[in-house]
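Please look over the sequence and the model shown below before reading on. The report then moves from one residue to the sheets, the core and the confidence of the prediction.

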Amino acid sequence: MLSRRKMLGRAGAMTGAITAAVAAASVSRVAMAALPEPVLQTRPDTMPPLVPGTGRPYNPVVTLNGWTLPWRMNNGVKEFHLVAEPVVREMAPGFKAHLWGYNGQSPGPTIEVVEGDRVRIFVTNKLGELHSVHWHGQRLPNGMDGVTGLTQPGIPPGKTFVYEFVARRPGTFMYHPHADEMVQMAMGMMGLWITHPKAKHPLIDEVDRDFCFLLNAFDIDPGAYTPKIMTMLDFNLWAWNSRIFPGIDPLVVRKNDRVRIRVGNLTMTNHPIHLHGHEFLVTGTDGGPTPKSTRMYEVTTDIAVGQMRQIDFLADEEGDWAFHCHKSHHTMNAMGHNVPTMIGVDHRGVAKQITRLIPDYMVMGERGMKDMTEMEMPLPDNTAAMMTGTGPFGSVGMGGMFSVLKVRADQPRGDYRDPGWYPHPPGTQAYEWTGALAEPARSPADGGGAMPPAAKPAREVEVQARKPTGGHGGH
Ligand SMILES: [Cu+2]
């Protein structure tokens, strides 16, 4: 496989026709030109930003555990080639999923262009069913909007369609199928689209590092490889760019870098994305840059389904800062949800008796669920641990939508390599109290309350709080 840089270098000379059948009618308007050779990428690593070799210059984005699609210039038009196809995605080390995506990966590669660019995208369908690509958030001619049945016939298997329009607005956008959407998106088909401003923009600040990723979710049974596409809400894998912690790369920055993170949500529920140690401004949505009057400092921004948020902040606090979805069930990997809360239940004795009948029986959750991370539990092959990730002080007890913002004073400019764990300066870290402990003063047993009852109830009632069993639809 050619490296992307090499491809870009020889992009102008690229004339290779692809082997897939070409729909003559659909490409006839692209006078005599061969299609750009599709570039594939199957490694799950975060690729360095793709510095543009042609066209207007810009500061490229870094796609978390992903890459940017190279293009070629053809008479002033930026030409891209997307191939919709089944892919194998390593979601975390030791856990692979059979998904659908573009050009070898789910999500597909990020497309980066500049405001005012004329863009031509060839889409080859290597799926077994109709396909089309919708360019979420773009101003474009209606017939280029990619809605099967409404603005175009679906792209039949084996055929290639061409989309062409001018990227009119700068901003953070995405692309995804608009054909058998429920299935094709549940299988992982989606990608990011970034349109950089062509000149200094009053609402778009220049930044030093610019990260992007999509929120997606899958329902893959332990030991299985293929997502259950009929799942509506009860997904068991909450992912960033089809990766789950600890498979999500850290966001590495240099201290005092101005940082931008662009996040889009193509799951079936909202995700409050939370950054530790810094405040940020929401500077853009899929509607473009936000007016300054709407911006306020926050540490969590909720991203609803089908929305995108672009956040900007100054990374001026050194350390390893957690960055995650604030829904606690979304920072865990595959698990059964129909498990009663066992906190406070004493299993001793009972467990011994059950173990005689079921050797693999394991007591779960009598001190909470984190014990799960240290347990030697028999798992089927190709199963992600429920919550894992080992930090410098032990298990992080996390999975799913979790990563780390690493801010370092000595990180070289433009270097995205993982600097390792943050060495806390002496006296700046939580420590164990070893002195005497006084009994805390308790409030009166009756409690307070604005209107205390006149008489005590006849007998004490203790509420046993328990989550409802059955469906788990209310994520
Ligand atoms: Cu979430």
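## A residue in a loop

T383 is partly exposed, because 16 other C-beta atoms lie within 10 Å of its own; a residue counts as buried with 20 or more such atoms within 10 Å, as exposed with 12 or fewer, and as partly exposed in between, the C-beta atoms being placed from the backbone. This is a predicted model, in which local features need a pLDDT of at least 70 and side-chain atom pairs count only at pLDDT 80 or more, while totals for chains, interfaces and linings use all residues. Residues are numbered from 1 along each chain as its sequence is written.

T383 is placed in the loop between α5 (371-374) and β21 (388-391), where helices (H or I, at least four residues) and strands (E, at least two) are DSSP runs numbered from the N terminus. Leaving aside residues up to four places away in sequence, T383 touches F95, P222, G223 and A334; a contact of this kind requires C-beta atoms, placed from the backbone, that lie within 7 Å. T383 and A97 are 286 residues apart in sequence, yet their C-alpha atoms are 9.8 Å apart in space.

## Strands and sheets

The protein chain has 5 helices and 23 strands. Strands of a sheet pair through backbone hydrogen bonds, either parallel or antiparallel, and two strands are taken to pair if DSSP finds at least two bridges between them.

One open sheet has 4 strands in the order β5-β10-β9-β7, with mixed pairing. Its edges are β5 (111-114) and β7 (133-136), and since each has a single partner strand, one side of each is left without a neighbour in the sheet. Neighbouring strands of this sheet are turned by 20° against each other on average, direction ignored, with axes being lines fitted to C-alpha atoms (for helices over the stretch in contact) and angles running from 0 to 180 degrees between N-to-C directions.

Another open sheet is formed by 5 strands in the order β13-β23-β20-β15-β18, and its pairing is mixed. Here β13 (251-254) and β18 (300-303) stand at the edges, each with a single partner strand, so one side of each lacks a neighbour in the sheet.

Three strand pairs, with residues that face each other, are set out below.

| Strand pair | Bridges and direction | Residues opposite |
|---|---|---|
| β5 and β10 (191-196) | 4 bridges, parallel | I111 and W193 |
| β11 (209-218) and β12 | 4 bridges, antiparallel | N216 and A239 |
| β15 (271-275) and β18 | 4 bridges, antiparallel | I273 and T301 |

In strand β12 (residues 237-240), L237 and A239 point one way while W238 and W240 point the other way, and all are buried.

## Core and confidence

Buried residues make up 39% of the 475 residues in the protein chain. A nonpolar core is a set of buried Ala, Val, Leu, Ile, Met, Phe, Trp, Tyr and Cys residues joined through C-beta atoms within 7 Å, and in the largest one, which has 87 residues, V123, L237 and I244 touch the most other members. Domain 1 (4-205) and domain 2 (237-408) both give residues to this core, so it lies between them; the domain bounds come from an automatic or database domain assignment.

The protein chain averages a pLDDT of 85, and 79% of the residues score at least 70, pLDDT being the predictor's confidence in each residue, from 0 to 100. Over residues 1-32 the pLDDT is below 50, and this stretch has 46 contacts in the model beyond near neighbours in sequence.

Note on methods. Two residues are in contact if their C-beta atoms, placed from the backbone, lie within 7 Å.
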